[in-house]
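Student: I'd like to learn how to read a structure like this one. Can we go through it together?

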Amino acid sequence: MGECGTCVFPMEDALEMILMFDRTGRISYANAAARSKLGYEDMENQHISTLFPNTFRKTEDGFESDFSFGDAAGHLIIYRRNLTCFPVEARMKENAGCPGTYICMANDLLEREHLGREISQVREEAQQAARMKAEFVANVTHELRTPVNGILGNVRELLDDVTDAQTVKTLQLIERCCGDMNKLINNILDFSKLDAGKFVLEPRRFHFRNMLDYVKAQHFSKITEKGLDFFMTVSPQVPEYVIGDELRIVQILNNLISNALKFTAVGEIAVQVLRTAQVEKQTELFFIVSDTGIGIGEEDMDKLFQSFSQVDASISRKYGGTGLGLSICRQLVELMGGGIEAESRKGRGSNFSFSIWVETEEEETPKAPDDVKAVFMRMFAGGEGSGEEAEDIQEYDTPKNRENLKRHLSRLILSVEMENWEKAEMFMESIRQLTEGAPSDVRRQILRLKMAVQKENYDKVMDEYHKLSI
């Protein structure tokens, strides 16, 4: 701590060297950094020319110097007590708080250069570590894929020969687990490539509607088996053929539709594609994937597209997933020149929308773009396939609710008859949601039915089913 009359300078612990001297050149204060670097225990009464002999000359009544006092910095040579020296970057100015005194602030250039080299080395080591991590993840995922595919191939061969129902069920479970494992491996591999900046799009010409038919075929059976409706519509303005990375567009749609299926037990899933802009041969396509599932609270929306992030820890436990899917979708969409957004209401479903730019082979005659906002709001706030319809389905004992409940109960019993307990549990969860607003005695009956399904007890399931008073 340095003082000048009533002025106090809190600069003792500053990293740069700080000196204070008067018009005579006598040093009245030196902070800890200056004392340590210059080798003095006490610098008071030392003359400034002792430290800067090349810059200051001692005179009878003070000092002379050609150095420009002010805010500009200059490179000087400063001497230690043992007469060794080193370069510094120094600024000297009159101290407005204590008239008649000057402040010198100096940084060791050798130390700064050394620190700069250290920072550069640390940065290079960090980049090297990141590269090694990315390569390690890529190698591990490739190595994992080999045994998983080996298991999958052998299981499929066994499925062709095995006739025992229980063995078939076990093999089908293994097949499904291998498929899930491959999806996780692919997500991790894609994420590592994107994170390392090594991901490259591979655009090619393809038939756009055929691509959508392929996507629909991949999900249609699973969605309808769950008792959901599935709609896919394409605006007439969307070109027949486009040039883009078909594989990655399919990946984005598959991820969004799979999420919709995962979190939707009642209602529908809809996909809509529109053309929103045409600039010469560049076309902007706008996709909307909507569902009537559990929805997302407004407070959790900012977590959606973060890597390794789930809206709620319970989501991961109940529904599975790494939290990478939407992050990968966001990065892929951005690589295609677009953006991705989500709108949702808890209990009312979600709408994910994204835009990408593709190329058309020939410049098309400009047409009026689809009114995306109107379509989006109609799907989200009202009309066919809206949250209002989902709400009507969820409300117990409405016509739509009774119709859906009857359909799901029929599918539940059919699954039990076929001893497909996995599907039975899926339908049971939909039935539970359809009866959430039912009287307490009905909810108790549903709970007993659900417990019987979970225990895979055929007789108990049928007994509880016949007791239902709905």
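Tutor: Sure, and keep in mind that this is a predicted model. Let's start with Ser 350, which counts as buried because its relative accessibility is 5%, and buried means under 20%.

Student: Where does Ser 350 sit in the fold?

Tutor: Look in strand 16, which covers residues 349-359.

Student: And which residues is Ser 350 in contact with, leaving aside its neighbours within four places in sequence?

Tutor: You'll find Val 289, Ser 290, Asp 291, Gly 295 and Ile 296, plus Glu 343 and Ser 344. With Ser 344 there is also a polar contact between the two side chains, at 2.8 Å.

Student: Let's try helices. How do I describe two that pack together?

Tutor: Two packed helices are described by the angle between their axes and by how far apart those axes are. Here, take helix 6 (residues 246-262) and helix 8 (residues 325-335): their axes come within 10 Å and cross at roughly 145°. The crossing of helix 6 with helix 8 is left-handed.

Student: Which residues make that contact?

Tutor: From helix 6, it's Arg 248, Gln 251, Ile 252, Asn 255, Leu 256 and Asn 259. Helix 8 brings Gly 325, Leu 326, Ile 328, Cys 329, Leu 332 and Val 333.

Student: How many residues of the contact between helix 6 and helix 8 are nonpolar, polar and charged?

Tutor: Seven are nonpolar, four are polar and one is charged.

Student: Now Tyr 465. Is it buried, partly exposed or exposed?

Tutor: Tyr 465 has a relative accessible area of 28%, so it is partly exposed. This residue belongs to helix 14, residues 458-467.

Student: What does Tyr 465 touch, leaving aside neighbours within four places in sequence?

Tutor: Its contacts are Leu 409, Ile 413 and Leu 449. Take Ile 413 as an example of how sequence and space compare: Tyr 465 and Ile 413 are 52 residues apart along the chain, yet their C-alpha atoms are 8.4 Å apart.

Student: Can we zoom out to the whole chain?

Tutor: Happily. The chain has 470 residues, and 44% of them count as buried. Its secondary structure comes to 14 helices and 16 strands. Among contacts with a separation of 6 or more, 60% link residues 24 or more positions apart.

Student: How much area does the chain expose, and what do carbon and sulfur atoms supply?

Tutor: About 25600 Å² is exposed, with carbon and sulfur atoms supplying 51% of it.

Notes. Residues are numbered from 1 along each chain as its sequence is written. This is a predicted model: local features need pLDDT of at least 70, side-chain atom pairs count only at pLDDT 80 or more; totals for chains, interfaces and linings use all residues. Side-chain values use heavy atoms; hydrogens and water are left out. Helices (H or I, at least four residues) and strands (E, at least two) are DSSP runs, numbered from the N terminus. Buried means under 20% relative accessible area, exposed over 50%, partly exposed in between (1.4 Å probe, protein chains only). Contact means heavy atoms within 4.5 Å. Accessible areas come from the Shrake-Rupley method with a 1.4 Å probe; for residues, only the protein chains shown count as cover. A polar contact is a pair of N or O atoms within 3.5 Å; within protein, one must be able to donate a hydrogen and the other to accept it, and residues adjacent in sequence count only if both atoms are side-chain atoms. Axes are lines fitted to C-alpha atoms, for helices over the stretch in contact, and angles run from 0 to 180 degrees between N-to-C directions. A crossing is left-handed if the near helix is turned anticlockwise from the far one by less than a right angle, and right-handed if clockwise. Ala, Val, Leu, Ile, Met, Phe, Trp, Tyr, Cys and Pro count as nonpolar, Asp, Glu, Lys and Arg as charged, and the others, Gly among them, as polar.
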